[in-house]
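Let's learn to read a structure by asking simple things of it, one feature at a time.

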Amino acid sequence: MYEEIFAKYSADKENLIAILHDVQNNHPQHYVSPEAINRVSEYLRIPVSHIQGVLTFYTMYSTRPRGKYIIRLCESPPCFLRGSESILAKLKQLLGVKLEGTTSDGLFTLELCACLGVCGNAPVMMINDELYGDLTEEKVVAVIKKLTGGEA
Amino acid sequence: MNFYRLQVLIGIDPSSLQAGAREIENTFQLEIARHKLQDEVNLLETGSLGYFGTGVAIMIYPGQITYVNLKKEDVPEIVTEHFLKGKPVKRLMLGQAFTSGYNFNYRRRIVLENSGLINPENIREYLGRGGYESWEKALLEMKPVQIVDIVKNSGLRGRGGAGFPTGLKWSFTQPLTVPQKYFVINADEGEPGTFKDRLIMEGDPHKLLEGLMISSYAVGATKAYIYIRGEYRLCINRLQKAIDQARELGLLGSNIFGTGFDLDIEIKIGAGAYVCGEETALIESMEGNRGQPRSKPPFPGVKGAWQKPTVVNNVETIANIPSIISHGADWFRSYGTESCPGTKVFTILGDVYMPGLCEVDMGTSLRTLIEEYGGGIRDDKKFKGALLGGAAGVFLSEKLLDVKMDFNSLKEYGAVLGSGAILVMNEDADMVDMLYAVIRFFRHESCGKCIPCSKGTQKLYRIISRIRYGEGSEEDLVSMIRLAQAMNISSFCALGQSLLMPIRSVIDNFRDEFLQKMDKKYKFSREAS
């Protein structure tokens with residue numbers, strides 16, 4: 001996997017952010033593992049500390065294993081105004097996890113994020129690359145049910 | 001080439017995709033084929049049609065008939081009734097009651113003139129609308145200095161929020177004689193409530209590219225970057241496609257049009273950090289570092305990316321450039337106001353009937369925007385306030401509904417235009433909660449480089465949480481403003497500096513609401529419930 005990703009980018013520091021995206025997306029648990037950090041460090045000839053710094057700075061990266069579906073609920077003012085807090089409560093109750101937590105079956109990880117730029121449909125959440133807008137508690141239940149069912 | 005009797009445009013953007021636009025599109029294709037209409041009806045993908053909360057929408061030419069909230073089951077009816085018999089399906093048309101007073105305003109558009117009309121993934125459609133003629137004109141007939149002068153004379157000001165004159169910015173970098181300069185497009189649109197840049201890039205990516213080519217030539221940059229936030233997948237894909245198409249036609253590359261000018265454009269992807277909208281933080285991020293701002297001076301125009309002169313401009317600013325070059329500075333000045341010429345793209349959202357975007361002349365009043373373009377306050381409630389310009393914006397009360405929306409007029413009231421987001425709140429909105437959401441956002445996005453901002457946002461968060469739970473006191477309001485003032489003076493970049501605006505404006509305009517929450521009775525009622 002690493003060779004294929006590295007082949008797409010020259011060994012320059014400016015490609016670090018793109019490489020980390022690719023590494024994370026290709027990991028089954030959607031995170032940047034300690035092994036990955038070492039491999040990227042060797043390829044780009046950048047200290048591990050620098051990569052750790054970058055990883056923890058940006059919210060899209062994770063250094064902990066995550067579920068198959070990453071739920072990112074927008075918590076910015078426009079979604080907040082249209083009721084994102086009750087959606088968050090519903091999600092927590094449905095999944096039985098805290099923020100940043102992963103369900104025991106390894107299916108879902110619940111996260112918050114800043115504005116996704118789809119505020120016309122607030123409140124909004126993103127599950128992996130898919131957007132779900134105009135959320136209501138019923139809609140959230142249906143979405144989670146559908147994703148859970150698809151796995152069984 | 002076929003001449004089609006009907007052109008059917010289907011808006012493809014995140015809003016419609018999540019409502020099932022692909023499925024509707026496929027059903028249309030099947031139905032059109034079933035009735036053997038493929039030589040008469042042309043089904044095209046375009047960017048957002050500008051409606052939100054209306055599910056999948058299509059627009060049909062001639063007639064500009066719009067259908068909204070389409071379901072798969074509706075498709076056969078539209079095909080047999082409208083496409084075959086020529087009778088529009090009234091049931092599904094954008095309702096009259098919904099759109100009374102709604103103003104589409106296609107004539108006064110500059111930046112969005114092609115959005116929702118052309119297929120953004122096909123360069124030939126852009127060429128057919130006069131695209132890349134300005135690039136040819138600029139490169140073959142004009143000197144870089146001339147372009148900078150035209151942009152200066154046009155009075156174009158940066159649309160990212162601060163409103164700095166674009167021509168002036170370029171004139172710092174243009175005369176420098178160094179082997180390498182860069183031009184960077186700031187498409188890290190993170191300001192909550194703002195999505196104008198996304199819609200420009202999704203609806204008409206070539207417009208941004210053409211503007212970027214002209215701008216790079218004007219300042220002498222041979223390498224240009226578009227820094228897009230990682231969440232905007234559709235933008236990234238469409239822009240990459242557009243860049244590939246332009247390169248194929250020789251509009252990019254080396255020795256363009258035989259002039260000896262080389263230019264290449266590359267996309268850089270962000271990873272989720274609001275502070276990267278600040279130009280020096282953006283440059284740090286492009287270089288593969290943590291996106292923390294740099295000390296200014298030296299300004300990026302002199303020492304930017306990899307210590308080379310770098311001009312950073314917002315998407316909307318640069319999307320204005322092709323039209324300015326083709327029509328001239330005086331034409332541009334016929335739009336907008338004396339001090340702020342041109343148009344502005346606004347995103348209207350919150351408690352309105354038609355959340356969405358619109359492009360209007362600078363100086364249009366807030367009332368017009370909310371009533372004509374936003375369709376008025378949802379559910380016949382009363383207007384309470386609006387948050388202008390995203391989180392780093394200001395709260396306005398009803399008193400300022402008739403204020404003109406341009407950089408200078410708003411400044412008179414201590415407000416800012418910012419990125420053009422208008423979050424409308426009705427009588428039910430809780431202003432304490434709103435300020436809480438704003439401060440929480442800043443606390444999360446503070447980058448940690450300087451103490452005033454990183455500690456200040458945390459302290460503010462503690463105070464506002466206290467007030468929210470009914471445990472605040474009037475002194476808390478004073479200390480919030482004083483703390484925000486201190487941050488305004490001492491923070492390293494605009495992130496920490498700008499928090500003063502929302503805090504001061506919301507306390508000035510809605511003080512009573514804050515005091516209400518400090519009432520002992522409020523606390524008891526909360527505990528009882």
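## Reading the features

Q: Before we start, what kind of model is this?
A: It's a predicted model.

Q: Let's take chain A. How many helices and strands are there in chain A?
A: Chain A has 7 helices and 4 strands. Going along the sequence, they come in the pattern α-α-α-α-β-α-α-β-β-β-α. The C-alpha trace of chain A spans about 50 × 35 × 25 Å along its principal axes, and 39% of its 152 residues count as buried.

Q: Into which domains is chain A divided?
A: Domain 1 covers 2–57 and domain 2 covers 69–151. Taken over C-alpha atoms, the centres of these two domains of chain A are separated by 28 Å.

Q: Now the contact between the chains. How many residues does each chain bring to the contact?
A: There are 33 residues from chain A and 44 residues from chain B. On the side of chain A that touches chain B, α2 (16–26), α4 (48–57), α5 (77–81) and β4 (130–132) each supply at least two residues. Sorted by class, that side of chain A has 20 nonpolar, 9 polar and 4 charged residues.

Q: How do I read a helix with buried residues?
A: Start with the geometry: an α-helix makes a turn every 3.6 residues, so residues three or four places apart point the same way. Now look at helix α8 (residues 166–173) of chain B, where B:Thr166, B:Gly167, B:Lys169, B:Trp170 and B:Thr173 are buried. Looking down the axis of α8(B), these buried residues fall within an arc of 160°, so they line one face of the helix.

Q: What do the buried residues of α8(B) pack against?
A: They pack against α7 (144–154), α10 (205–219), β8 (310–314) and α13 (315–319) of chain B.

Q: Can we zoom in on α13?
A: Sure, take B:Ile318, which is found in helix α13 of chain B.

Q: Is B:Ile318 buried or exposed?
A: A residue counts as buried if 20 or more other C-beta atoms lie within 10 Å of its own. B:Ile318 has 32 such atoms within 10 Å, so B:Ile318 is buried. Leaving aside neighbours within four places in sequence, its contacts are B:Ile185, B:Leu208, B:Gly211, B:Leu212, B:Ser215 and B:Asn313. The C-alpha atoms of B:Ile318 and B:Lys207 are separated by 8.5 Å, although these residues are 111 residues apart along the chain.

Q: How do I read a sheet?
A: Strands of a sheet pair through backbone hydrogen bonds, either parallel or antiparallel. In chain B, an open sheet of 4 strands has the order β7-β6-β5-β8, with parallel pairing. Its edge strands are β7 (264–269) and β8 of chain B, each pairing on one side only. Strand β6 (residues 223–228) of chain B is joined to β7(B) by 6 bridges.

Q: Which residue in β7(B) is the bridge partner of B:Tyr225?
A: That's B:Glu266.

Q: What about backbone oddities?
A: Most residues other than glycine have a negative phi, and most peptide bonds are trans. Here, a cis peptide bond joins A:Ala122 and A:Pro123, with omega about -5°. A:Pro123 sits in the loop between β2 (108–113) and β3 (125–127) of chain A. The peptide bond from B:Lys296 to B:Pro297 is cis too, with omega near -10°. For phi, look at A:Asn128, with a positive value near 50°. A:Asn128 lies in the loop between β3 and β4 of chain A.

Key: Residues are numbered from 1 along each chain as its sequence is written. Chains are lettered from A and ligands numbered from 1 in the order in which they are written. This is a predicted model: local features need pLDDT of at least 70, side-chain atom pairs count only at pLDDT 80 or more; totals for chains, interfaces and linings use all residues. Two residues are in contact if their C-beta atoms, placed from the backbone, lie within 7 Å. Ala, Val, Leu, Ile, Met, Phe, Trp, Tyr, Cys and Pro count as nonpolar, Asp, Glu, Lys and Arg as charged, and the others, Gly among them, as polar. A residue is buried if 20 or more other C-beta atoms lie within 10 Å of its own, exposed if 12 or fewer, and partly exposed in between; C-beta atoms are placed from the backbone. The arc is that of the directions from the helix axis to the C-beta atoms. Two strands pair if DSSP finds at least two bridges between them. Domain bounds come from an automatic or database domain assignment.
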